[in-house]
Amino acid sequence: MIASRLKNFLEQEGTQYLTIQHSVAYYASEIARVAHIHSKEFAKTLIVKADDRRVMVVLAASQKWSGKSNVLDSRSDCKERSR
């Protein structure tokens with residue numbers, strides 16, 4: 001089930017999306033493969049700490065988080081680490 005905050009954000013931004021129910025999986029790329037969706041078109045969410053707050057980062061399933069920990073120095077680090 002899609003998180004309500006993420007759903008609200010996507011709808012406010014006019015972003016088209018499709019939700020898919022799936023069995024338990026530990027990797028977004030695994031779910032994308034089973035659903036026959038390219039991992040660049042399948043999103044995953046990460047909850048990370050930035051500026052002493054938890055923020056949600058949405059990445060393509062094919063992207064990897066490059067930080068050694070989930071603690072960020074600032075929100076701008078989110079963009080840098082998700083490349």
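Among contacts in the chain between residues at least 6 apart in sequence, what percentage join residues at least 24 apart? In this model, which is predicted, the share is 11%. That value can be read beside the order of the elements, since the chain holds 3 helices and 3 strands, and from the N terminus on these run α-α-β-β-β-α.

The balance of interior and surface gives a second view of the chain. Of its 83 residues, 25% are buried, while the chain exposes about 7000 Å², of which carbon and sulfur atoms supply 49%.

The interior can be followed through its nonpolar cores. The largest of them is made up of 6 residues, namely Val48, Ala50, Val55, Val57, Leu59 and Trp65. Two elements, strand S1 (43–50) and strand S2 (53–60), each give two or more residues to this core, and the largest share, 3 residues, comes from S2. Separate from this set there is a second core of 5 residues, and among its members are Ala28, Ile31, Ala32 and Phe42.

On the surface, nonpolar side chains also come together. Val24, Tyr26 and Tyr27 form a nonpolar patch there, and together these residues have about 460 Å² of accessible area. One of them, Tyr27, is found in the loop between helix H1 (4–12) and helix H2 (28–34). Why does Tyr27 count as exposed? The reason is its relative accessibility of 57%, set against a cut-off for exposed residues of over 50%.

Two further loop residues deserve attention for their backbone angles. As a general background, most residues other than glycine have a negative phi. His36, however, has a phi near 60°, which is a positive value in a residue other than glycine. This residue has its place in the loop between H2 and S1, and His36 counts as exposed because its relative accessibility is 75%.

Where is Asp52, the other such residue, placed in the chain? Asp52 lies in the loop between S1 and S2, the two strands that each give two or more residues to the largest nonpolar core. Its phi is likewise positive, near 60°, in a residue other than glycine, and Asp52 counts as exposed because its relative accessibility is 71%.

Notes:
Residues numbered from 1 in each chain as written. Predicted model: local features only at pLDDT ≥ 70, side-chain atom pairs only at ≥ 80, totals over all residues. Heavy atoms only, no water. Patch = residues over 30% accessible without salt bridge, like charges linked within 9 Å, V, L, I, M, F, W, Y side chains within 5 Å. Areas by Shrake-Rupley, 256 points an atom, 1.4 Å probe, with all protein chains shown as cover. Salt bridge = Lys/Arg side-chain N within 4 Å of Asp/Glu carboxyl O. Helix = DSSP H or I, 4+ residues; strand = E, 2+ residues; numbered from the N terminus. Buried < 20%, exposed > 50% of the residue type's maximum accessible area, 1.4 Å probe, protein only. Contact = heavy atoms within 4.5 Å. Core = buried A, V, L, I, M, F, W, Y, C linked by side-chain atoms within 4.5 Å.
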